[in-house]
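This briefing sets out selected side-chain contacts, burial values and a pocket for the structure shown below. The points are grouped by topic after a short lead.

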Amino acid sequence: MTEKTTGASYAAAGVDIEAGDRAVELMKEWVKKTQRPEVLGGLGGFAGLFDASALKRYERPLLASATDGVGTKVDIARQMGVYDTIGHDLVAMVMDDIVVCGAEPLFMTDYICVGKVHPERVAAIVKGIAEGCVLAGCALVGGETAEHPGLLGPDDFDVAGAGTGVVEYDRLLGADRIRTGDAVIAMASSGLHSNGYSLVRHVLFDRAGMSLDQHVEELGRTLGEELLEPTKIYSLDCLALTRTAEVHAYSHITGGGLAANLARVIPDHLHATVDRSTWTPGAVFDLVGKAGQVEQLELEKTLNMGVGMMAVVPQESVDVALTALADRGVDAWVAGEITERGEHTEGAAMTGSYAG
């Protein structure tokens, strides 16, 4: 007698549809907290809906879009079993790119890829994204959770997102507005943010043999707590600053470091000089440098060195800008200036030595 065989199924292949449905139910309450009045419908449809008639108040609205992830920082979250902060990093990476041109963040979608759906874990990730959206002033209108058994381990995951904002054409910020004599204002980062973690992990774990639960005196907490510190979200601070003071440009300091990102908004005939002596990078940057014997220029090419956002403003707006940022709890200072570019000068350069 032939033994009866069981047919293949999606569940047998490693995909749990019921777990995915439960994850959606768990995340709904967090997504609801991000809603703006322009959002139509709820979570669960095939597409998020945003009422574009809200743009009628603009004379010539420009839509700004960006997409990003958080890199290998997700592995720190996985190892620590902390999933409700990584979403802040995702929102910051996307929406702080959008606000650079002066655009108001409107809405965002996310993509969460997992080896196995753990509903509570996915919901925790979405909770962090939703909290980040609130801090950025945008709505989370939808997303996707994809289960990839066989490609990712059961505890592995990655996150990505895309966002949209809007800015009036004649209020678009950027290189065209920058003038000789403008000041460069630096805004402090909350730590490493979400860039350079491949270098950081290699240095601290592979070379220095450190562990996430290791208390580091210079940091005042465990290494894991420091590395998982969420990226600061500057969107609403930058929008408030543009309403208070004249701003010519912003630069979001992410992968590639401070000088390279600042150079992206400097016109071809001008040069930005950033004076290191105007601030002291946080202890984590010194830790990475010493543990891996990483040269200063290599650190500066990879990490933000304590500056997460920069604003270029006319000299007459400096005092107003610094006061406005201080009133919002943003640590900021004048870090440099704009001059004419020399024959062999790049768009931006750092000079001097760090304070302290």
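**Lead points**

A salt bridge joins the side chains of R221 and E226, with N and O 3.0 Å apart. The model is predicted, and a search of the whole of it finds 15 salt bridges. The same kind of whole-structure search finds 0 disulfides. Aromatic pairs come to 4, and the second largest pocket holds about 420 Å³ of space.

**Salt bridges around R221**

- Side chains of opposite charge can pair when their charged atoms come close.
- R221 also forms a salt bridge with E229, where the closest N and O atoms are 2.9 Å apart.
- R221 counts as partly exposed because its relative accessibility is 23%, which lies between the 20% and 50% cut-offs.
- E226 has a relative accessibility of 9% and therefore counts as buried.
- E229, at 25% relative accessibility, counts as partly exposed.

**Salt bridges around R78**

- Salt bridges with shared partners join D75, R78, D156 and R201 into one network.
- Within this network, R78 forms a salt bridge with D75, and the closest N and O atoms of the two are 2.8 Å apart.
- R78 and D75 both belong to helix α2 (residues 73-80), and because they are 3 residues apart there, about one helical turn separates them.
- The relative accessibility of R78 is 28%, so R78 counts as partly exposed.
- D75 counts as buried because its relative accessibility is 17%, under the 20% cut-off.

**Aromatic pairs**

- By the ring-pair rule, the count for the structure is 4 aromatic pairs.
- The ring centres of F50 and F107 lie 5.0 Å apart with the planes at 40 degrees, so this pair is classed as tilted.
- F50 is in strand β2 (residues 49-50) and F107 is in strand β4 (residues 104-114), so the pair ties together parts that are 57 residues apart in sequence.
- F50 counts as buried at 18% relative accessibility, while F107 is partly exposed with a relative accessible area of 21%.
- The ring centres of Y83 and F157 are 5.7 Å apart and the planes stand at 65 degrees, so this pair is edge-to-face.
- Y83 sits in the loop between α2 and α3 (86-98) and F157 in strand β6, so the contact links distant parts of the chain, 74 residues apart.
- Both Y83 and F157 are buried.
- A cluster of W279, W333 and Y354 is linked by ring pairs.

**A further contact of F50**

- F50, placed in strand β2, has its C-alpha 5.4 Å from that of E38, although the two residues are 12 apart in sequence.

**Cysteines**

- A disulfide is a covalent bond between the sulfur atoms of two cysteines.
- The whole-structure search finds 0 disulfides.
- C133 is in no disulfide, and the nearest cysteine sulfur, that of C138, is 3.6 Å away; the cut-off for a disulfide is 2.5 Å.
- C133 counts as buried because its relative accessibility is 0%.
- C101 also counts as buried, with a relative accessibility of 19%.

**The second largest pocket**

- Rolling a probe the size of a water molecule over the atoms shows where empty space is left.
- The second largest pocket has about 420 Å³ of space.
- Its lining consists of 17 residues, and G102, V167, R171, T242 and R243 are the closest to the centre of the pocket.
- Strand β6 (157-168) and helix α7 (235-244) are the elements that give two or more residues to this lining.
- By class, the lining of the second largest pocket has 7 nonpolar, 2 polar and 8 charged residues.

Notes
Residues are numbered from 1 along each chain as its sequence is written. This is a predicted model: local features need pLDDT of at least 70, side-chain atom pairs count only at pLDDT 80 or more; totals for chains, interfaces and linings use all residues. Side-chain values use heavy atoms; hydrogens and water are left out. Buried means under 20% relative accessible area, exposed over 50%, partly exposed in between (1.4 Å probe, protein chains only). On a 1 Å grid over the protein atoms alone, a cavity is a set of points where a 1.4 Å probe fits but cannot get out, and a pocket is an open set with protein on both sides within 12 Å along at least five of seven lines; lining residues have an atom within 4 Å of a point. Grid points are joined across faces, edges and corners, and a volume is the space filled by probe spheres set on the points. Helices (H or I, at least four residues) and strands (E, at least two) are DSSP runs, numbered from the N terminus. Ala, Val, Leu, Ile, Met, Phe, Trp, Tyr, Cys and Pro count as nonpolar, Asp, Glu, Lys and Arg as charged, and the others, Gly among them, as polar. A salt bridge is a side-chain nitrogen of Lys or Arg within 4 Å of a carboxyl oxygen of Asp or Glu. Rings of Phe, Tyr and Trp (its six-membered ring) pair if their centres lie within 6.5 Å; planes under 30 degrees apart count as stacked, over 60 as edge-to-face and the rest as tilted.
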